[in-house]
There are 2 protein chains.
Amino acid sequence: MAERYEIVQKALLQMLEEKKYATLRDVLVTMNPSDIAALFADLEEKQIPLMFRLLPKEQAAETFVEMDPEEQALLIRGFSDNELKEVLDELYVDDAADIVEEMPANVVKRILKTADPEMRSSINQILRYPENSAGSIMTTEYVSLRPTMTVEEAILRIRRQGVDKETIYTCYVTRPDRKLIGIVTVKDLLLAEDDETAIEDLMTTNLISVTTHSDQEDVAKMFSKYNFLALPVVDGEDRMVGIVTFDDAMDVMEEETTEDMEIMAGITPSEKTYLKSTPWDLFGHRIPWLMLLMVSATFTGMIISSFEEALGMLPALTAFIPMLMDTGGNSGSQSSVTVIRALSLDELSLGDLGRVLWKEIRTAVLCALCLGAVCFLKVLLVDRLLMGNESVSLLVALVVCLTLALTVIIAKVVGCVLPMAAKAMGADPAVMASPFITTIVDALSLLVYFLFAKTLLGV
Amino acid sequence: MAERYEIVQKALLQMLEEKKYATLRDVLVTMNPSDIAALFADLEEKQIPLMFRLLPKEQAAETFVEMDPEEQALLIRGFSDNELKEVLDELYVDDAADIVEEMPANVVKRILKTADPEMRSSINQILRYPENSAGSIMTTEYVSLRPTMTVEEAILRIRRQGVDKETIYTCYVTRPDRKLIGIVTVKDLLLAEDDETAIEDLMTTNLISVTTHSDQEDVAKMFSKYNFLALPVVDGEDRMVGIVTFDDAMDVMEEETTEDMEIMAGITPSEKTYLKSTPWDLFGHRIPWLMLLMVSATFTGMIISSFEEALGMLPALTAFIPMLMDTGGNSGSQSSVTVIRALSLDELSLGDLGRVLWKEIRTAVLCALCLGAVCFLKVLLVDRLLMGNESVSLLVALVVCLTLALTVIIAKVVGCVLPMAAKAMGADPAVMASPFITTIVDALSLLVYFLFAKTLLGV
């Protein structure tokens with residue numbers, strides 16, 4: 001598929017260079033706006049306005065929405081006031097608000113000056129809501145109906161108003177004070193047996209709504225739970241102010257997942273895509289965690305220093321340190337990632353801590369027995385016999401495999417408890433993933449190692 | 001919100017115990033099927049059929065779809081043939097196929113025997129497609145129109161057939177041989193100015209479709225790219241066989257993300273939720289990777305062994321090993337996770353390797369300079385002055401911080417190259433995350449460490 005796309009792309013760029021504008025336009029009108037936007041990303045700066053002006057009005061607006069902020073800014077700077085107004089008139093309010101958020105101040109000023117008064121006030125309203133709230137991703141364009149309308153009247157209203165609404169398929173039944181009292185779908189309307197049925201007899205009153213200040217992540221979760229096309233957004237007095245549509249929820253899901261993964265890898269989340277980030281951006285998002293974790297590792301170093309004498313007496317012990325630390329870290333990461341994901345999908349709640357702990361302990365014992373046994377054999381066969389290291393005695397093998405077993409158990413307990421503790425304290429559980437767990441487990445595993453060595457080997 | 005739900009839940013369970021069935025039913029009919037299904041998960045086995053029978057037919061079927069396979073199997077075993085048929089008749093074909101896939105053989109047999117012949121053949125058709133293909137998640141119930149119909153005829157057809165279709169909002173225009181030639185939405189139909197307009201003049205012919213064998217992950221990506229409500233599924237001859245709807249795409253997105261995270265943490269992906277997995281399940285999914293990585297760590301141990309003498313001469317060197325290994329591992333994980341996520345969102349393709357490498361190297365140099373400088377100061381101030389370790393000379397500090405700097409650079413290069421190499425070889429890039437990178441980087445960082453120590457310190 002990707003290949004076919006590249007062939008089309010090449011052909012179109014060639015037409016542009018050869019100034020075959022009519023042909024180019026004929027091809028462009030058959031394409032999906034998302035694909036056209038992807039095409040723009042590969043154009044040179046001066047080609048962008050040229051190609052954009054070939055698009056018919058509606059398609060131009062749809063393509064504009066899908067473009068990168070840099071290209072949008074470039075286009076807007078080149079637009080006449082008239083051209084800008086034409087594009088703005090075709091935009092949905094939530095898309096316009098998204099664009100305004102990304103633009104430099106002078107471009108924003110021009111957009112707000114050019115937009116018609118109604119859109120300007122809607123954009124301003126959406127921009128007032130906190131980032132990541134339902135209010136900031138909603139659109140104020142929806143179809144509202146009155147409870148006393150008949151099916152026929154409702155359909156007529158949709159036909160008259162629908163062209164400007166982001167979705168017409170879910171309609172919201174409100175009282176004159178804008179209080180939301182029911183929902184009716186176009187399917188309900190079309191399948192109603194009698195055109196004279198009143199909307200209030202047809203509507204669902206089992207309302208599921210969010211408020212303007214609901215977290216966008218919670219809103220996205222409701223979409224995947226209930227399979228809605230759109231979700232109504234109400235204010236503190238249950239008055240209808242807008243809707244969130246499923247496509248925005250999907251974008252939020254993707255964004256939040258990326259953010260979780262970044263946090264889990266010890267990266268401060270960024271809004272820029274990888275290829276758009278400069279090395280300085282990447283550096284800025286990565287160095288704080290690297291620094292913090294490097295400094296934390298000082299404690300691990302201090303533990304080793306304080307057992308320097310023991311290591312001096314039995315240098316063979318040093319060789320097992322990386323294996324013990326890595327296996328501990330991996331065991332802990334497995335548990336923490338599983339728990340973090342289950343928490344974020346709401347499969348787990350804080351009340352489940354007891355069950356989780358009991359499950360992890362039993363899993364850990366199984367893993368510990370299995371790894372310990374294999375490790376014991378490996379140490380004796382490989383390190384002692386194969387590599388002929390005489391100082392690796394039976395007792396040393398025992399110390400190593402006991403440490404390993406205990407480390408795995410400690411790691412799994414730490415790995416499942418810390419994310420839940422973070423959540424209990426209102427922090428993001430994703431912070432308690434691999435890098436953090438590894439640092440803690442490293443220190444603990446070394447302590448266990450040297451204590452066993454002291455007790456059993458007397459070093 | 002979760003709290004309010006628990007209060008409702010408690011009240012409902014109490015009604016059930018006090019046998020206030022009429023009241024319970026009155027409350028249940030106002031609830032969303034997803035919420036009722038969540039309620040069932042907390043019931044005792046014998047209460048499940050009791051409460052299920054209180055639900056009206058349509059709501060019962062919708063709730064059934066949202067329940068866990070265990071509870072579905074329990075209910076089916078208790079159903080009379082008549083009850084089973086009633087539920088099956090209300091199900092969409094793709095949901096029925098999903099349920100059949102999860103049931104034990106004897107239950108499947110009963111379902112297929114009870115379903116009406118049309119549904120039976122559709123279920124069988126869907127089950128024939130490979131797991132994770134578009135065919136396996138599609139439904140065969142969609143509205144098809146003919147190009148010569150008028151808008152009025154089309155709306156009439158939707159009104160007649162729509163009740164059994166999963167979505168009526170996107171209709172598919174096909175020729176008599178089922179070849180897909182266009183798409184028309186209910187919005188297009190409702191907003192058409194003339195009821196006599198022919199469908200072929202209204203339909204979009206810019207078709208985006210998938211084939212029955214397309215990977216479900218690619219299908220889900222198309223939804224988030226194009227914001228479709230539904231996507232047509234065609235066979236090898238472009239004949240329409242079904243549709244995938246956005247709610248199924250959202251489920252796939254969630255599933256695939258969980259799978260990616262599991263693989264990135266060194267866990268074999270599982271279809272069971274955490275709380276449903278037994279310790280044996282968890283053990284089985286975790287031990288292969290732990291074992292593999294433990295054995296790989298042998299190489300790291302061998303490197304240390306071969307430098308045993310050097311460490312014996314300057315024991316202070318040992319204390320820095322964990323810090324060097326951890327910082328290397330963390331640096332590598334950051335790059336690998338960033339690249340893995342960008343690959344899975346199609347923000348990166350294999351052709352970008354050069355740009356990625358160049359970006360990572362510059363980022364790595366910045367991180368290396370910054371970490372190296374802080375590390376140098378830390379070693380001198382903390383290890384030498386504060387802890388009074390005389391053997392930590394200026395030269396030792398230099399060796400440690402040079403190793404650190406080089407390790408960070410190596411780690412970032414390894415971290416970005418390996419996922420792209422995996423992709424190039426057709427493997428899942430997610431495998432090349434933290435556990436794998438850590439093991440490789442550990443060995444490399446130790447090699448660098450000892451080589452620097454040998455050269456600069458002459459040990």
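The copies meet through the same surface, because 100% of the interface residues of chain A are also interface residues in chain B. The model is predicted, and for this reason local features need pLDDT of at least 70 and side-chain atom pairs count only at pLDDT 80 or more, while totals for chains, interfaces and linings use all residues. Residues are numbered from 1 along each chain as its sequence is written, and chains are lettered from A in the order in which they are written.

The contact draws 92 residues from chain A and 92 residues from chain B, two residues being in contact if their C-beta atoms, placed from the backbone, lie within 7 Å. On the side of chain A that touches chain B, the largest share, 15 residues, is supplied by helix H17 (residues 279–306) of chain A; a helix is a DSSP run of H or I of at least four residues, numbered from the N terminus.

A turn of 180° with a shift of 0.0 Å along the axis lays chain A on chain B with an RMSD of 0.1 Å, the superposition being by least squares on the C-alpha atoms of residues with pLDDT of at least 70 in both. The two copies are therefore related as by a two-fold rotation axis. Gly312(A) is the residue of chain A that comes closest to this axis, at 3.2 Å (C-alpha).

As to confidence, the model scores ipTM 0.80 and pTM 0.81. Chain A has a mean pLDDT (the predictor's confidence in each residue, from 0 to 100) of 87, and 99% of its residues reach 70 or more.

Conventions:
Helix = DSSP H or I, 4+ residues; strand = E, 2+ residues; numbered from the N terminus.
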